Amino acid sequence: MNTLVTKNITINGTEYKVACPKEDENRIEYVGERLNQRVKEIAAASHSTLNDATLLLFAALELESLLLDTANEDIACTGNTQHQQEKVIEYATATIENFIKHVENMG
């Protein structure tokens, strides 16, 4: 049975509590730091003030696009099937949607 821990992740100056399995806590911290950096880059590049939900949406869309590009490259390089690509994208989409719901519920 996995032991859950709560990690504090700061995104664009707002702190969020995220529960994760103990063995994933370092990864969650690292991913949180990368997401925070990406959200800050999006905020700096925008010509208006965007709220955190919008910034996270843009970051999620960018990640989806990168995943799609990666999946397409994998198919071209390794001959993976369309079904495998769809499964990867579905998993990534569900993960991002769950994160967004979690963030929305914390606000």
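The dialogue below goes through how the labels on this predicted model are justified.

Biologist: What are the ground rules for the values?

Modeller: This is a predicted model, so local features need pLDDT of at least 70 and side-chain atom pairs count only at pLDDT 80 or more, while totals for chains, interfaces and linings use all residues. Residues are numbered from 1 along each chain as its sequence is written, and side-chain values use heavy atoms, with hydrogens and water left out.

Biologist: What makes β1 stand out in confidence among the elements?

Modeller: pLDDT is the predictor's confidence in each residue, from 0 to 100. β1 has the highest mean among the elements, 92, and helix α3 (residues 82-106) the lowest, 69. The protein averages 80, and 74% of the residues score at least 70. Helices (H or I, at least four residues) and strands (E, at least two) are DSSP runs, numbered from the N terminus.

Biologist: Why is the contact between Lys7 and Glu25 called a salt bridge?

Modeller: The term requires a side-chain nitrogen of Lys or Arg within 4 Å of a carboxyl oxygen of Asp or Glu. For Lys7 and Glu25 the closest N and O atoms are 3.2 Å apart, so the pair qualifies. Lys7 lies in strand β1 (residues 4-11) and Glu25 in helix α1 (residues 25-45), so the pair ties together parts that are 18 residues apart in sequence.

Biologist: Why are Lys7 and Glu25 called buried, and Lys22 partly exposed?

Modeller: Buried means under 20% relative accessible area, exposed over 50%, and partly exposed in between (1.4 Å probe, protein chains only). Lys7 has 15% and is therefore buried. Glu25, with 16%, is buried. Lys22 has 44%, so the label is partly exposed.

Biologist: How do you know that Arg38 and Glu62 form a salt bridge, and which parts does the pair tie together?

Modeller: Their N to O distance is 2.5 Å, which satisfies the cut-off. Arg38 lies in helix α1 and Glu62 in helix α2 (residues 52-78), so parts 24 residues apart in sequence are tied together. Arg38, at 26% relative accessibility, is partly exposed, and Glu62, at 29%, is partly exposed. Elsewhere, salt bridges that share partners join Lys7, Lys22, Glu25 and Glu29 into one network. One of these links is Lys22 with Glu25, at 2.8 Å from N to O. By the rule, the count comes to 5 salt bridges.

Biologist: What makes a set of residues the largest nonpolar core?

Modeller: A nonpolar core is a set of buried Ala, Val, Leu, Ile, Met, Phe, Trp, Tyr and Cys residues joined through side-chain atoms within 4.5 Å. The largest has 10 residues, including Ile9, Tyr16, Leu35 and Leu55. β1, β2 (14-21), α1 and α2 each supply at least two residues of this core.

Biologist: How do you know that β1 and β2 pair?

Modeller: Two strands pair if DSSP finds at least two bridges between them. β1 and β2 have 8, in the antiparallel sense, and Ile9 has Tyr16 as its bridge partner in β2. The two strands form a hairpin with 2 residues between them.

Biologist: What makes Asn12 notable in the loop between β1 and β2?

Modeller: Phi of Asn12 is near 55°, a positive value in a residue other than glycine. Most residues other than glycine have a negative phi. At 28% relative accessibility, Asn12 counts as partly exposed.
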